[in-house]
Amino acid sequence: MERVKSTLDRVLGAFCVVLFAVLVLVVAWQVFTRQVLDNPSGWSEETAKYVFVWLSLFGAALVFGERGHIVVDVAVKKVPEGAQRVIGLLMKVGILAFAGLVLVYGGLMLATNTWSIAVAGLPATVGPLYLALPISGVLVVFYTVYHLVAIAGRAESAIDDAEPDVI
């Protein structure tokens, strides 16, 4: 499972870099056509919005896989290690439920229901663009299961102590 996660991390990281580069190019084109040519591009604003959403969702999944999100763990650090592990496992189960229900299931329903709705300014429909929700949800589910197994097997601590305490 470690090998799959490592490969997924690399692929997802590269995908986020490509999305960021596309976002920079599209926004630069938008600014250029608006400010220099005085003739704003009709497609660049919509494209930038959707690329930004995709970058946000996939970037969040990548950071989640690295356990890099902000965590408020002041209270959890005060309880014994066994209780920390239980709390960590319960949090991962809650995240698993949220990602499965909201991102994967809700995202699939949203993409299905909007599959044929046209996007203003783009030769595309909304549904395929909304596939970022269920795809990123599947990634979060994978990372959650990975960390759930690692915490349960004591390969990872329940609290990721990447930042030093400042008090």
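**Exercise 1.** Which residues line the second largest pocket?

*Solution.* The structure is a predicted model, in which local features need pLDDT of at least 70 and side-chain atom pairs count only at pLDDT 80 or more, while totals for chains, interfaces and linings use all residues. Residues are numbered from 1 along each chain as its sequence is written, and side-chain values use heavy atoms, with hydrogens and water left out.

Step 1. A pocket is an open set of points on a 1 Å grid over the protein atoms alone, where a 1.4 Å probe fits, with protein on both sides within 12 Å along at least five of seven lines; lining residues have an atom within 4 Å of a point. By this criterion, the lining consists of L57, A60, A61, F64, H69, I95, F98, A99, L103, S136 and V140.

Step 2. Two or more residues each come from α2, α3 (81–113) and α5; helices are DSSP runs of H or I with at least four residues, numbered from the N terminus.

Step 3. The lining comprises 9 nonpolar, 2 polar and no charged residues, where Ala, Val, Leu, Ile, Met, Phe, Trp, Tyr, Cys and Pro count as nonpolar, Asp, Glu, Lys and Arg as charged, and the others, Gly among them, as polar.

**Exercise 2.** Determine how α2 and α3 are each oriented against α5.

*Solution.* Step 1. Helix α2 (residues 44–65) packs on helix α5 (residues 132–152) at about 5°, with axes 9 Å apart; axes are lines fitted to C-alpha atoms over the stretch in contact, and angles run from 0 to 180 degrees between N-to-C directions. The pair is therefore roughly parallel, the term for angles under 35 degrees, whereas those over 145 count as roughly antiparallel.

Step 2. Between α2 and α5, the contact holds 12 nonpolar, 4 polar and no charged residues.

Step 3. For α3 and α5, the angle is about 165° and the axes lie 8 Å apart. These two helices are therefore roughly antiparallel. Their contact includes 18 nonpolar, 5 polar and 2 charged residues.

**Exercise 3.** Place L8 and describe its surroundings.

*Solution.* Step 1. L8 belongs to helix α1 (residues 2–36).

Step 2. Beyond its neighbours within four places in sequence, L8 is in contact (heavy atoms within 4.5 Å) with L139, F142 and Y143.

Step 3. Helices α1 and α5 pack at about 145°, with their axes 11 Å apart. The contact draws on E2, V4, K5, L8, D9 and L12 of α1, and on L139, F142, Y143, Y146 and H147 of α5. By class, 7 of these are nonpolar, 1 is polar and 3 are charged.

Definitions and conventions: Parallel < 35°, antiparallel > 145°, perpendicular 65-115°, else oblique.
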